[in-house]
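Good morning, and thank you for joining this group meeting. I would like to introduce a structure that is new to most of this audience, and I ask that you keep it in view while I speak.

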Amino acid sequence: MKSIKINNLIYIIINIMNLYLLKYNMLYYICNCPKNLIIPINDFQSYDIYKEYRYLYNKKFIAESQNLKCGTKDNYNINFDVIVRPLINLHGMGKDAYFLKKENKKEISNDHFWVEILTGNHISVDIFLNSYGILANIAFLGKPGKLFTFEYWEYLENYVLSKNIIEWINKNVKNYNGIINLEIIDNKIIECHLRMGDLNYFQNKELINSVILCYQNKKNIKLPNLNKIYLIPIFVKKGKYIKLKDYDIIYYSKITNTQKYILNYFIDPPPSHIANPLGGDRICNLTVNNLEKGLFLKKFINNLFK
């Protein structure tokens, strides 16, 4: 009986060490954000709160504002491959986006548009912005996988926004207090979100306090020193989703000797409850401090659910 209690205690301690705290809990329970200060944690909330900025969720507007080649089904008469995206996607995760070959005359729906394919680095950056201007940013570099999935995201220390991105923000996001998340490919913005992106994966109280100060329109915001982290999403084939348990992550990491490299993890709900890209359904997202070890654990889990 004593052995069972000890084992249960060890399980609880390990679980707490790797517990991912949701954005809302970090904001309002860990950092005691005033309840009357509403900080959106997803795009549905942002779209509802910031009605005057809804145009920023229109991806065709984003493309046109940077002179990217794009259009609707009414002017799809081109001789190059494109990406077709929803005009507005509040679900995220590349939902309903697909590639369209130039020789394919597939009909484009009214709520989608086509845009030229960009190549180059894929950056997701959270930008601290209020009446004092751009105060700070936190960026991740994504390594793309197949069909809008990603192999991993790497935190970029000392990332500097380019001049054209700064000019775009100053022109198109005026009188806004808070965090905006931009997705950028080859120094061109492909998506804008009026909420924080991945910065919460640091699970850093001082960082979240800086988020609160930004929304309160404070000027003197100094971000804490942040350790190098990698975000490793684990996707399985469509129709192969399985609901993992905390014990599964702990057990898999233990037998692969990767446990000490996992900082936290998030287990995804079923596909019916969350958006997923064409390339697969996400079952888990790992935050690790060692890319090689994290990818090893990812490969191990993927092999279990082929």
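**A walk through the predicted model**

Asn 67 counts as exposed, because its relative accessibility is 70%. Please bear in mind from the outset that this is a predicted model. Asn 67 sits in the loop between α4 (59-64) and β1. Its phi angle is near 60°, which is a positive value in a residue other than glycine. A second residue with a positive phi is Gln 203, where the angle is near 55°, and this residue is likewise not a glycine. Gln 203 belongs to the loop between β9 and α6.

Let me turn to the sheet. In what order do the four strands of the open sheet lie? The order is β1-β4-β2-β3, and the pairing is antiparallel. The edges are taken by β1 (70-71) and β3 (98-100); each has a single partner strand, so one side of each is left without a neighbour in the sheet. As a general point, strands of a sheet pair through backbone hydrogen bonds, in either a parallel or an antiparallel manner. Here, β1 is joined to strand β4 (residues 112-116) by two bridges, and these two strands run antiparallel. To give one position, Gly 71 has Trp 114 in β4 as its bridge partner.

Within this sheet, I would draw your attention to Val 82, which is placed in strand β2 (residues 82-86). Is Val 82 buried or exposed? It is buried, because its relative accessible area is 0%. Setting aside residues up to four places away in sequence, Val 82 touches Tyr 76, Tyr 98, Phe 99, Leu 100, Trp 114, Val 115 and Ile 117. Trp 114, which we met as the bridge partner of Gly 71, is thus among the residues that Val 82 touches. For a sense of distance, the C-alpha atoms of Val 82 and Asn 130 are separated by 35 Å, with these positions 48 residues apart along the chain.

Two of the residues that Val 82 touches, Phe 99 and Ile 117, also appear at the surface. Together with Leu 147 and Leu 278, Phe 99 and Ile 117 make a nonpolar surface patch of about 340 Å². Leu 147 is located in the loop between β6 (133-144) and β7. With a relative accessible area of 37%, Leu 147 is partly exposed.

I now move to the charged side chains. Side chains of opposite charge can pair when their charged atoms come close. How many salt bridges does a search of the whole structure find? The search finds 10.

One of them joins the side chains of Arg 195 and Asp 43, at 3.1 Å from N to O. This pair links distant parts of the chain: Arg 195 is in the loop between β9 (188-193) and α6 (205-215), while Asp 43 is in helix α3 (residues 43-49), 152 residues apart. Both partners fall under the 20% limit for a buried residue: Arg 195 has a relative accessible area of 14%, and Asp 43 has a relative accessibility of 3%.

Another salt bridge connects Lys 298 and Glu 151, whose closest N and O atoms are 3.5 Å apart. Here too the pair links distant parts of the chain, with Lys 298 in helix α8 (residues 291-304) and Glu 151 in strand β7 (residues 150-156), 147 residues apart. Lys 298 counts as buried at 8% relative accessibility, whereas Glu 151 is partly exposed at 32%.

A further example is formed by Lys 95 and Asp 96, with the closest N and O atoms 2.9 Å apart. Lys 95 is partly exposed, with a relative accessible area of 24%, and Asp 96 is also partly exposed, at 42%. Finally on this subject, Glu 154, Glu 157 and Lys 228 are linked in a network of salt bridges.

I close with one more asparagine. Asn 172 lies in helix α5 (residues 163-172). Why does Asn 172 count as buried? Its relative accessibility is 10%, and a buried residue is one under 20%. Leaving aside neighbours within four places in sequence, Asn 172 is in contact with Tyr 55, Leu 56 and Phe 61. The asparagine with which I began, Asn 67, counts as exposed, while Asn 172 counts as buried.

Methods: Residues numbered from 1 in each chain as written. Predicted model: local features only at pLDDT ≥ 70, side-chain atom pairs only at ≥ 80, totals over all residues. Heavy atoms only, no water. Buried < 20%, exposed > 50% of the residue type's maximum accessible area, 1.4 Å probe, protein only. Contact = heavy atoms within 4.5 Å. Pairing = 2+ DSSP bridges. Salt bridge = Lys/Arg side-chain N within 4 Å of Asp/Glu carboxyl O. Patch = residues over 30% accessible without salt bridge, like charges linked within 9 Å, V, L, I, M, F, W, Y side chains within 5 Å. Areas by Shrake-Rupley, 256 points an atom, 1.4 Å probe, with all protein chains shown as cover.
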